Amino acid sequence: AILDQRTTMRTRSPPLLIALLLGCLLGARAQATVSFSPISAFPNRYARNVCSLIASQAAADGACQLDSYYGTTRGRVSMAFGETDCVVTLTGCVPGVCYSFRDATSTIERDDVPRPGTTGAPAASLFKDVSAVEGASSSSFTNDGFSFKASSSTVKIAYSVHSCADYYSYRGSVGVQECRGSFAAITEVGAGMPNSLSC
């Protein structure tokens with residue numbers, strides 16, 4: 001009886017092991033396809049992330065101003081890598097006024113290597129692209145940031161942010177390449193300030 005029981009256990013062990021291995025593999029595959037979360041313990045350097053920028057709801061200085069689901073601290077608006085095909089609508093803008101925000105990551109040392117397919121200044125920007133798609137008569141996108149001249153009280157801005165892998169592929173000298181969390185990405189929108197960009 002003992003021999004039969006051992007034989008039965010031996011014949012059942014391989015299927016159990018196979019089932020466990022399949023479960024682990026399928027679980028890992030499912031995890032790889034889950035949307036990126038800044039609090040994930042296993043960051044995906046190529047992951048897409050939710051759009052974080054929103055119009056500021058602040059009672060004071062909230063007109064034509066950006067905020068973020070990740071928060072704004074000391075004039076720096078937080079974002080995350082991989083934000084893709086995003087749109088934010090600013091309200092309370094004054095037609096004819098030139099507004100801008102700066103790329104707060106522009107001072108991070110980057111390799112002197114041009115991005116393929118680019119010939120202008122935006123090559124090393126945090127943003128993959130950013131443009132005013134409604135409510136602006138003109139706009140400009142450079143390594144320093146983004147500026148636009150409002151033609152309406154509401155301005156719609158479309159943007160995408162580089163993936164963590166793409167961003168750091170041009171900043172190989174950066175020792176700690178953190179992909180997991182949000183970071184101070186851009187300045188708040190300003191107009192007529194000493195550090196404002198021109199339109």
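This is a conversation between a trainee and a mentor about reading a few features of a predicted model.

Trainee: Let's start with the sheet. How do strands hold on to each other in general, and in what order do the three strands of the open sheet stand here?

Mentor: Strands of a sheet pair through backbone hydrogen bonds, and they can run parallel or antiparallel. In this predicted model, the three strands are ordered E6-E9-E8, and their pairing is antiparallel.

Trainee: Which strands stand at the edges?

Mentor: Those are E6, residues 98-102, and E8, residues 136-142. Each has a single partner strand, so one side of each is left without a neighbour in the sheet. As for the angle, neighbouring strands here are turned by 10° against each other on average, ignoring direction.

Trainee: How many bridges join E6 to E9?

Mentor: Five, with E9 covering residues 145-150 and the two strands running antiparallel. If you want one pair to look up, take Arg 102, whose bridge partner in E9 is Gly 145.

Trainee: And what about E8 and E9, how many bridges do they pair over?

Mentor: Six, again in the antiparallel sense. Try finding Phe 141, which has Phe 146 as its bridge partner in E9. E8 and E9 also form a hairpin, with two residues between them.

Trainee: Okay, on to cysteines. How many disulfides does the structure hold?

Mentor: There are three. Let's go through them one by one, looking at the sulfur atoms, the handedness and the places that get linked.

Trainee: What is the distance between the sulfur atoms of Cys 51 and Cys 86?

Mentor: They sit 2.1 Å apart, and the two residues form a disulfide. The angle about the S-S bond is -85°, and this link is left-handed. Cys 51 is in the loop between helix H1 (2-33) and strand E1 (53-55), while Cys 86 is in strand E5 (residues 86-90). That pair links distant parts of the chain, 35 residues apart.

Trainee: Are those two cysteines buried or exposed?

Mentor: Buried means under 20% relative accessible area, and exposed means over 50%. Cys 86 has 2%, so Cys 86 is buried. Cys 51 has 32% relative accessibility, so Cys 51 counts as partly exposed.

Trainee: Where do the cysteines of the Cys 64 and Cys 93 disulfide lie?

Mentor: The sulfur atoms of Cys 64 and Cys 93 are 2.0 Å apart, and with 85° about the S-S bond their link is right-handed. Cys 64 lies in the loop between E1 and strand E2 (66-68), and Cys 93 in the loop between E5 and E6, so the pair ties together parts that are 29 residues apart in sequence. Cys 64 and Cys 93 are both buried.

Trainee: Which residue does the disulfide join to Cys 98?

Mentor: Cys 199, with an S to S distance of 1.9 Å. The torsion about that S-S bond is about 90°, so the disulfide is right-handed. Here 101 residues separate the two: Cys 98 is in strand E6, and Cys 199 is in the segment after strand E11 (183-187). Cys 199 has 40% relative accessibility, so Cys 199 counts as partly exposed.

Trainee: We keep coming back to E6. How many residues does E6 give to the lining of the largest pocket?

Mentor: Four, and E6 gives the most to that lining. The pocket itself has a volume of about 300 Å³. Of the 18 residues that line the largest pocket, the closest to its centre are Gln 65, Glu 188, Val 189, Gly 190 and Ala 191. By class, the lining has seven nonpolar, seven polar and four charged residues.

Trainee: Last one: phi. What sign should I expect in general, and what is the phi of Arg 74?

Mentor: Most residues other than glycine have a negative phi. Arg 74 has a positive value, near 50°. You'll find Arg 74 in the loop between strand E3 (72-73) and strand E4 (76-79), and at 84% relative accessibility Arg 74 counts as exposed.

Trainee: And where does Asp 85 lie?

Mentor: In the loop between E4 and E5. Asp 85 isn't a glycine either, but has a positive phi of about 55°. Asp 85 is exposed too, with a relative accessible area of 64%.

Note on methods: Residues are numbered from 1 along each chain as its sequence is written. This is a predicted model: local features need pLDDT of at least 70, side-chain atom pairs count only at pLDDT 80 or more; totals for chains, interfaces and linings use all residues. Side-chain values use heavy atoms; hydrogens and water are left out. Two strands pair if DSSP finds at least two bridges between them. Axes are lines fitted to C-alpha atoms, for helices over the stretch in contact, and angles run from 0 to 180 degrees between N-to-C directions. On a 1 Å grid over the protein atoms alone, a cavity is a set of points where a 1.4 Å probe fits but cannot get out, and a pocket is an open set with protein on both sides within 12 Å along at least five of seven lines; lining residues have an atom within 4 Å of a point. Grid points are joined across faces, edges and corners, and a volume is the space filled by probe spheres set on the points. Ala, Val, Leu, Ile, Met, Phe, Trp, Tyr, Cys and Pro count as nonpolar, Asp, Glu, Lys and Arg as charged, and the others, Gly among them, as polar. A disulfide is a pair of cysteine sulfur atoms within 2.5 Å. Buried means under 20% relative accessible area, exposed over 50%, partly exposed in between (1.4 Å probe, protein chains only).
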